[in-house]
Amino acid sequence: MRLLLQAAGLRAPKLPVTAAASSSSSPAVPMGLPRHPARWGSRFHVPPSAEAVARSVGICSMMKLPVQGSAAGLDAAFVGVPLDTGTSNRPGARFGPRQIRAESSLLRRFNSSTGAAPFDSLLVADIGDVNVNPYNLPQSCRLIHGAFQDIVGSGCVPLALGGDHTITYPILQAVAERHGPVGLVHVDAHTDTADRALGEKIYHGTPFRRCVDEGLLDCGRVVQIGIRGSSYGPDPYKYCRDQGFRVVLAEECWMRSLVPLMAEVRQQMQDRPVYISFDIDGLDPAYAPGTGTPEVAGLTPAQALEIIRGCKGLNIVGCDLVEVAPMYDVSGNTALLGANLLFEMLCILPGVKTM
């Protein structure tokens, strides 16, 4: 276990055969391995380089970051919410956090496209999973709410790994308790504003209806992007528009850059708190087949990056990536895409420097 912890980067290795340290503040590094002064000497948690630690080695945490028992002292934290009791079609999103973490071992320290250096700017760790009850959805929502009260109450920005989209409702309860009604950038194939199904008011098709009911959203600062699919009625987006939401249909995004759209979104969100909720089924199933309710003709991964990077500069107080159901994509690419999108979210948080 000691070797696994060391290899995962939870502490610097201390082996008997070492190279001479160039600084008394940096631990010695094993012979034959390249030095990474920013890793061994940094006050931040930095993902280990695959040039020094094999990707297959170590604890399966998000980006092989250290694992902590709480968010205390952190600026941002990855947290799993392995719940899919609220799904209406194919289950399996409870395994999303585990597979996203596994695929995240491919990710590296810097965002070479944007220059973002989150691990030189923020103290980040993986704080494990919320201990949900898959047999009781209302109780699970209470457990998620309580867990995120602790996270946001500590001043930490949560980045949640779902789980089905039900989880966003109790997360936003906790976020709004601290920040007040928040703006929302919501990427999805579905608006998730149904009132009920089979008599139940809580499932993955209702989270934003419940959030409106409880005053958790600043409805004039809500944008939903990538919406599409068949519907139960002739005007499925009337409720959203009546609340003041901006609904951007997938057809409005086809074959074009979303950079101009995101310039408008930034103006709409202003400098007040914003939450990002990204359902992986917002993307076309050609790119993300591993999900429970896929809809054809969705967004591309490049457009997903434009949306997230377009949120840079906003007052982001929390994020989630939901509805990855790994068993429907044996390649692992859906979870890999989810891991990359979470990294992109981390890169746009307030306080992240560019190199």
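This passage describes a strand, a helix, a group of annotated residues and a network of salt bridges in a predicted model.

Strand S1 comprises residues 76-81, and 6 of these 6 residues are buried, so the strand is largely enclosed by the rest of the structure. In a regular strand, side chains alternate between the two faces of the sheet. In S1, Ala-76, Phe-78 and Gly-80 point one way, whereas Ala-77, Val-79 and Val-81 point the other way, and all are buried. Strand S1 pairs with two further strands. With strand S3 (residues 124-129), the pairing of S1 is parallel and extends over 4 bridges; with strand S4 (residues 157-162), the pairing is also parallel and involves 6 bridges. Ala-76 takes part in both pairings, its bridge partner being Val-124 in S3 and Val-157 in S4.

Helix H9 spans residues 301-309, and its buried residues are Gln-303, Ala-304, Ile-307 and Ile-308. When the helix is viewed down its axis, these buried residues fall within an arc of 135°, so they line one face of H9. The elements against which the buried residues of H9 pack include both strands and helices: strands S5 (182-187), S6 (217-227) and S8 (273-279), together with helices H8 (259-269) and H10 (333-347).

Attention now turns to the annotated residues. An unreviewed UniProt entry assigns the feature "binding site" to His-165, Asp-188, His-190, Asp-192, Asp-279 and Asp-281. These residues span 117 residues in sequence, yet no two of their C-alpha atoms are more than 12.1 Å apart, so they gather at one spot. Of these residues, His-190, Asp-192, Asp-279 and Asp-281 are included in the lining of the largest pocket.

Two of the annotated residues are described here in further detail. Asp-279 is located in strand S8, and Asp-281 lies in the loop between S8 and H9. Asp-279 has a relative accessible area of 2% and is therefore buried, the cut-off being under 20%. Asp-281 is likewise buried, with a relative accessible area of 1%. When residues up to four places away in sequence are not counted, Asp-279 touches His-165, Val-187, Asp-188, Asp-192, Thr-291, Val-322 and Glu-323. With neighbours within four places in sequence left aside, Asp-281 is in contact with Asp-188, Ala-189, His-190, Arg-228, Thr-291 and Thr-293. Asp-188 and Thr-291 thus appear among the contacts of Asp-279 and also among those of Asp-281.

A search of the whole structure identifies 13 salt bridges. One of these joins Arg-196 to Asp-195, with the closest N and O atoms 3.7 Å apart. Asp-195 also forms a salt bridge with Lys-201, at an N to O distance of 4.0 Å. Arg-196 is partly exposed at 44% relative accessibility, as are Asp-195 at 26% and Lys-201 at 33%. A further salt bridge links the side chains of Asp-213 and Arg-210, at 2.9 Å from N to O. Asp-213 and Arg-210 are 3 residues apart in helix H6 (residues 207-213), which means that about one helical turn separates them. Asp-213 is partly exposed at 48% relative accessibility, whereas Arg-210 is buried, with a relative accessible area of 6%. Through salt bridges that share partners, Asp-195, Arg-196, Lys-201, Arg-210 and Asp-213 are joined into one network.

Notes
Residues are numbered from 1 along each chain as its sequence is written. This is a predicted model: local features need pLDDT of at least 70, side-chain atom pairs count only at pLDDT 80 or more; totals for chains, interfaces and linings use all residues. Side-chain values use heavy atoms; hydrogens and water are left out. Buried means under 20% relative accessible area, exposed over 50%, partly exposed in between (1.4 Å probe, protein chains only). Helices (H or I, at least four residues) and strands (E, at least two) are DSSP runs, numbered from the N terminus. The arc is that of the directions from the helix axis to the C-beta atoms. Contact means heavy atoms within 4.5 Å. UniProt positions are given in the numbering used here, feature names are shortened, and annotations may be inferred rather than shown by experiment. On a 1 Å grid over the protein atoms alone, a cavity is a set of points where a 1.4 Å probe fits but cannot get out, and a pocket is an open set with protein on both sides within 12 Å along at least five of seven lines; lining residues have an atom within 4 Å of a point. Two strands pair if DSSP finds at least two bridges between them.
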